Amino acid sequence: MPNHSKRALSPCIAQQTRNPSPTKKIRTGAQGQFKFNRRASDNVSAYIDLHPPLKDLETAQAARLTSPTKGNAVVYWMRMEDMRIHDNRALSKASELAKKENIPLVALFVISPHDYIAHDRGPRRIDFMLRNLRCIQTDLANLHIPLHVTTHTPRHTLPEYILSLMKDVGATQIFANIEYEVDELRRDIKLCELAKNEKFSAIFVHDKLIIQPDTLFTKANKPYTVYSPWQRNWLAMLNSDLAKYIGEAPGPSANDKSIHSNSKLSSLFDCKIPEKIDGFECQDGEVMAKIWPAGEDAAREMLRLFLFTKAQSSHIGVSDPLANAPEEQKGSKASRVLQYKDNRDKVDSNTTSRLSPYLASGVISARECVRGTLKVLGADKVQGTRDTAVGHWVQEVAWRDFYTHVMASFPRVSMGRTFLEKFDAVIWETNEEHFEAWKQGRTGVPIVDAAMRQLNTMGWMHNRPRMVAAMFLVKDLMIDWRLGERYFMEQLIDGDLASNNGGWQWSSSTGTDPQPYFRIMNPFNQSEKADPDGDYIRSFVPELRSVKSKDIHRPSTALAMKLNYPAPIIDHHKARDRAMRRFKNPGEN
Ligand SMILES: Cc1cc2nc3c(=O)[nH]c(=O)nc-3n(C[C@H](O)[C@H](O)[C@H](O)COP(=O)(O)OP(=O)(O)OC[C@H]3O[C@@H](n4cnc5c(N)ncnc54)[C@H](O)[C@@H]3O)c2cc1C
């Protein structure tokens, strides 16, 4: 199988581009247009959609050895999207087998810097991964299960490396949860093949989503490309068998204490998790640890607070989300999830769950989140329609499934290709000053600047400003969405390839279910709706803190000058006309 993925970096290129700094120079092409080193060619794009690697993994799984000889241990291979012990299907299955065969369970985590470069992972996401690994290592050690953490490059030899580690510990079976990105699937297919040659078995399990990809189809037996009908089907399937889709996977059993005197395995307990990874040093690690505490207990507490307590405006910016939590008010209609339908788009308070970093790293399962909604309602069916507050939230969790389904069925979208191919020809501006101003939050449009500064200080943004800031880059500044996609990934602590790509393609009207290109958000109107009193802007744009009136949404040039705040770098109405023209006739100026 040709390995044409845009994400396949050769090791030497990967090393050269090690430091994915936010100020990385923009590559410009011969015609002065921004150029992408990662946009798949037409042939590759067509090939990958015809041969989605998830199907190949399913084929490899069907052909795997079902009963290899008993080994001396069973391995669970944890990856950076399933970083938890509770309700973890691959871990649960690995533990079940170890118990049945009466052999120890060993957990493995391989740090793969080339993968992080290939996926534009930022230092915050990597730091969060290391912090969570520390919690997991301690919790597993309490069950006498070692977590062996090791680093490997180059990434294309990872399957051979995993196989050698299996041999080192005397394991013949390895379990992992599926990662749906192209290169990750190809890596796992290769491991299946190598394992089979050795008469070993590699078992890959669906865990990330509520409903796995490749299960929901239109009446014409095609993958869905529109969210609403897909979601109706998703909800019906979920409610048809709650135990199957959101049932909790049993936790791992403890190993026998004798593992500590096992000559091959005891040293695995000594492994140290690195403080940092070269090229991914987190400059604001302390701030991140405060806003996004690591570990499953923290994630669960975030969920509990969202389900059972009120929003707090003191939690807009850099603050500990678990501190000074308001009292739980059982039966009260004031909890954040019960107010979600009305308040979710308000950015001046913590109206949403802020669980995305935990879901993206798998510190909590999506199943647990949906089970939580059943508890709030005391219901035995999942609410998932927009007419109820809880249903509305479940619909958001479903978007996460949807975008991963899209990526699994149309893998080219993750290779720098637009879903709607006709928009691939849209002509983009190449104004580096504009791009820098957007990144730094100095566009002179307060809601956009607050959003970008929230991203730069918190590694996270509320969904509404994400859409406003993304649409401003693409439609007002006419800068290619792929540059924004990359910048978000580098900054976000919740960076998830499918959701980020889906969000960017939605905002730029190039994706599935697109916001039509002629619907362009007016950032000033959005600001008045989402942040009526201007508190969100005030917390992230200190220059405007003294502005008490509605002027905060659109300060006059004189006021902006007086406050040392930039004038808007673009006229929204003129920019809107330009975007309409360019999208209506892709390829024309
Ligand atoms: C341009 C753009 C880029 C984005 N990039 C990412 C990303 O890299 N990672 C990411 O997790 N989300 C991304 N999103 C989706 C969304 O903005 C965040 O998931 C949400 O803001 C997280 O806040 P929350 O946890 O409080 O969400 P809540 O409103 O509490 O929603 C609960 C969960 O549902 C999921 N979810 C909610 N909205 C969406 C959505 N539109 N698409 C996919 N999943 C959703 C998330 O897992 C979220 O934690 C992006 C959206 C846009 C417009």
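## Helices α20 and α21

Helix α20 (residues 481-491) and α21 have axes that come within 10 Å and cross at roughly 145 degrees. The crossing of α20 past α21 is right-handed. Bear in mind that this is a predicted model.

On the α20 side, the residues that meet α21 are Trp481, Gly484, Glu485, Phe488 and Met489. Their partners in α21 are Asn500, Asn501, Trp504 and Gln505. Sorted by class, that contact between α20 and α21 comes out as four nonpolar, four polar and one charged residues.

## Around the ligand

Which helix gives the largest share of the shell around the ligand? That's α21, with six residues. Helices that each put at least two residues into the shell are α14 (356-360), α16 (389-409), α19 (463-476) and α21 (497-507).

There are 29 residues around the ligand, and Thr352, Ser353, Ser356, Asn500 and Gly503 come nearest. Asn500 turns up again in the helix pair above, as one of the α21 residues that meet α20. As for chemistry, the shell splits into eleven nonpolar, eleven polar and seven charged residues.

## Two domains

The protein chain is carved into domain 1, covering 53-207 + 249-270, and domain 2, covering 418-584. Measure from C-alpha centre to C-alpha centre and the two domains lie 40 Å apart. Still, they do touch: nine residues of domain 1 are in contact with ten residues of domain 2. On the domain 1 side of that contact, the classes are two nonpolar, two polar and five charged residues.

## The loop between β3 and α7

Here's a spot worth a look. Thr153 and Pro154 are joined by a cis peptide bond, with omega at about -5 degrees. Pro154 sits in the loop that runs between β3 (147-151) and α7 (158-169). As a rule, most peptide bonds are trans.

Arg155 has its place in the loop between β3 and α7 too. Is Arg155 buried or exposed? Arg155 counts as buried because 24 other C-beta atoms lie within 10 Å, and the cut-off for buried is 20 or more. Leaving out residues up to four places away in sequence, Arg155 touches Ser112, His114 and Asp115. Pro113 is 42 residues from Arg155 in sequence, yet their C-alpha atoms are 8.0 Å apart in space.

## Positive phi at Lys199 and Arg354

Most residues other than glycine have a negative phi. Lys199 goes the other way, with a positive phi near 65 degrees. You'll find Lys199 in the loop between α8 (182-197) and β5 (201-205). Lys199 is exposed, since it has 10 other C-beta atoms within 10 Å, and 12 or fewer makes a residue exposed.

Arg354 also has a positive phi, near 55 degrees. Its loop is the one between α13 (340-343) and α14. Arg354 has 21 C-beta neighbours inside 10 Å, so it counts as buried.

## Trp399 in α16

Trp399 belongs to helix α16, one of the helices that supply at least two residues of the ligand shell. How exposed is Trp399, and what puts it in that class? It is partly exposed because 18 other C-beta atoms lie within 10 Å, which falls between the 12 that still counts as exposed and the 20 needed for buried.

Trp399 and Asp535 are 136 residues apart in sequence, and 28 Å separates their C-alpha atoms in space.

How values were computed
Residues are numbered from 1 along each chain as its sequence is written. This is a predicted model: local features need pLDDT of at least 70, side-chain atom pairs count only at pLDDT 80 or more; totals for chains, interfaces and linings use all residues. Domain bounds come from an automatic or database domain assignment. Two residues are in contact if their C-beta atoms, placed from the backbone, lie within 7 Å. Ala, Val, Leu, Ile, Met, Phe, Trp, Tyr, Cys and Pro count as nonpolar, Asp, Glu, Lys and Arg as charged, and the others, Gly among them, as polar. A residue is near a molecule or strand if its C-beta atom, placed from the backbone, lies within 6 Å of it. Helices (H or I, at least four residues) and strands (E, at least two) are DSSP runs, numbered from the N terminus. Axes are lines fitted to C-alpha atoms, for helices over the stretch in contact, and angles run from 0 to 180 degrees between N-to-C directions. A crossing is left-handed if the near helix is turned anticlockwise from the far one by less than a right angle, and right-handed if clockwise.
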